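User: I'm new to this one and would like to know what the terms really rest on. Could you show me the structure and then take my questions?

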There are 2 protein chains.
Amino acid sequence: MDEFEIIRRYFKPGKKSASVIVGVGDDGAVLRPDPERDFISVVDTMVESIHFPANMHAEDIGFRAVAVNVSDIAAMGGRPRWMTLALTMKEADPAWIEDFARGIHLAGDRFGVELVGGDTTRGGEIVISVQVMGDVRPGQAMTRSGARPGDGIYVSGTPGDAALGLSIMQSGQVLDDRLKYLVRRFTRPDARVELGQEIADVASAAIDLSDGLFTDLEKLLGASAVSGCIELNRIPMSQELRSTIQGEDAIRFVLGGGDDYELCFTAAVDEIDELAGVPVTRIGNVGEGRGLTCTLDGITYDYHDDGYRHFR
Amino acid sequence: MDEFEIIRRYFKPGKKSASVIVGVGDDGAVLRPDPERDFISVVDTMVESIHFPANMHAEDIGFRAVAVNVSDIAAMGGRPRWMTLALTMKEADPAWIEDFARGIHLAGDRFGVELVGGDTTRGGEIVISVQVMGDVRPGQAMTRSGARPGDGIYVSGTPGDAALGLSIMQSGQVLDDRLKYLVRRFTRPDARVELGQEIADVASAAIDLSDGLFTDLEKLLGASAVSGCIELNRIPMSQELRSTIQGEDAIRFVLGGGDDYELCFTAAVDEIDELAGVPVTRIGNVGEGRGLTCTLDGITYDYHDDGYRHFR
């Protein structure tokens, strides 16, 4: 099975939507974006054994490759619409490709993203670059750089679950329902698209959690040239996480664990506890100066975390 | 040097053009496309040792990664405007990255493409996915599927040079000016952007030559559900190629060699010999039925070439 057959069999959609003038199978995709909206383009690469375990189910790999990109669109308050897929793999294993493609299409259906093109190449390992394109009301895209002293710092959902789920998956232990929930938080991240669009009206800055709450919030604060302080007691933890790990271990996963794809944002409002059906929690405050500090039980908590770095 | 420093040092442009609302360094790029035009998105991946020799100069690798994508935009008659870069590499070698980034920016300047985002990750080998975005007059994008019986088959420039240049480069021989010219045809492909826009008015179908004239033309004819016949005597060969190889060898490179990034198109016109300053040659005709055949000195020439396949 060569790459042309792979594309024809697994990646050619049955019908195109009206916004897709030319789709999969030509030199490129031709789209007709909404002229009333700004255009958003994001790209994230996932490398075997770096971003996901090599033995992870191919359907999950495909789903996740789309979801993590949709999450970037969500963090800008945008609406995801189209995607391209650049897939590099060592060999063309039909069973793997079929599962992977199903994951891509499942995520496409879940998030309303249509596959419009891509490139399939051979290489020494699996490398997946998905590019998701979408749109946003003109001038309304959220960035990382608008946080102001006095804003509250908010996070959606319960951070830490996905990193804990990954470590559980890698441990090879038998999974009960609680552990399955945590693993699924890693394998099937639920990009917060509706939430991102809802907070666009109130948020001063936003970022999605891919490298870990502490390091991603540091990026937002740095881009905004402000400082932040988070109260660890306020960070919401899932019942599943709390019944698996406690104390310092829990803090380490919640602050340092990546792959949550929750949204972290700042807003000049007193309290938000839910938006678009997603729980949202105020975990701290933006201040003058620079840097991110934490408190636990009212006392400064010395936490250092560089977050994930590919290169050091 | 971590990936954030790499992006800040080598990939952050000094200023953004007016169409770029949010550029490198946020969750994604926010663009303001021309509302009067259709949007084009293309993506091509280049893998070390598959698409280019591992010891190729990093500046050439960077230039080429952009040019091959711009070529896809050219084949649709479009105007390239923005790009994102997904770069995977084994280690962060500052000298390599500096050269590579210079190549990216050189090509960006050459083709008028602005870097607006990307992703930098670690992996076992160099994998480069460049996505180029651009635009085209509404409904005017050329595809592979419009060729009709009676159309002429045209090719720009002199195919075969780049594949010959690659084989010369890999042979390690000392390069005189003639060989340098051929090598440069591989390392610095000149995507035919102006030509693509000029032929959009007359061409019924078009494709850019990446996998080889024979196999790429086969794709165009297949997508158009027509047949084609090319006269080998008509295929233009560069003086540099002709003085390096002759006879069957020359035919093999001209028909089967890839990486030319010339345009091949069909048009219901009698003769075109130059457009946008690029030599264009009629090499054959479109007919009824299916398949691609060749003639040499008026006699059927039996040529079989599957073109490059990543998987078989």
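Analyst: Sure, let's begin with a pair: G228(A) stands opposite V286(A), which sits in strand 12 of chain A. Some ground rules: this is a predicted model, where local features need pLDDT of at least 70 and side-chain atom pairs count only at pLDDT 80 or more, while totals for chains, interfaces and linings use all residues. Residues are numbered from 1 along each chain as its sequence is written, and chains are lettered from A and ligands numbered from 1 in the order in which they are written.

User: What makes strand 9 and strand 12 of chain A a pair?

Analyst: Strands (DSSP runs of E, at least two residues, numbered from the N terminus) pair if DSSP finds at least two bridges between them. Strand 9 and strand 12 (residues 278-287) of chain A have 4 bridges, in the antiparallel sense, so they qualify.

User: And which way does strand 13 of chain A run relative to strand 9?

Analyst: Strand 13 (residues 291-296) of chain A runs parallel to strand 9, with 5 bridges joining them. One of the partners is G291(A), facing S227(A).

User: How do you know which residues of strand 9 of chain A are buried?

Analyst: Buried means that 20 or more other C-beta atoms, placed from the backbone, lie within 10 Å of a residue's own. In strand 9 (residues 227-231) of chain A, G228(A) and I230(A) are buried and point to one face; S227(A), C229(A) and E231(A) point to the other and are not buried. That fits the usual pattern, because in a regular strand the side chains alternate between the two faces of the sheet.

User: Why is the relation between chain A and chain B called a two-fold axis?

Analyst: Copies are superposed by least squares on the C-alpha atoms of residues with pLDDT of at least 70 in both. Chain A lands on chain B with an RMSD of 0.0 Å after a turn of 180° and a shift of 0.0 Å along the axis. That is the relation of a two-fold axis. In chain A, P35(A) comes closest to the rotation axis, its C-alpha at 2.4 Å.

User: What makes you say the copies meet through the same surface?

Analyst: Residues are in contact if their C-beta atoms, placed from the backbone, lie within 7 Å. Chain A and chain B each give 56 residues to the contact. The copies meet through the same surface because 100% of chain A's interface residues are also interface residues in chain B.

User: Which strands pair across the chains?

Analyst: Strand 2 (residues 29-31) of chain A and strand 3 (residues 38-47) of chain B run antiparallel, joined by 3 bridges. There, A29(A) has S41(B) as its bridge partner.

How values were computed. Contact = placed C-beta atoms within 7 Å. Buried ≥ 20, exposed ≤ 12 C-beta atoms within 10 Å, placed from the backbone.
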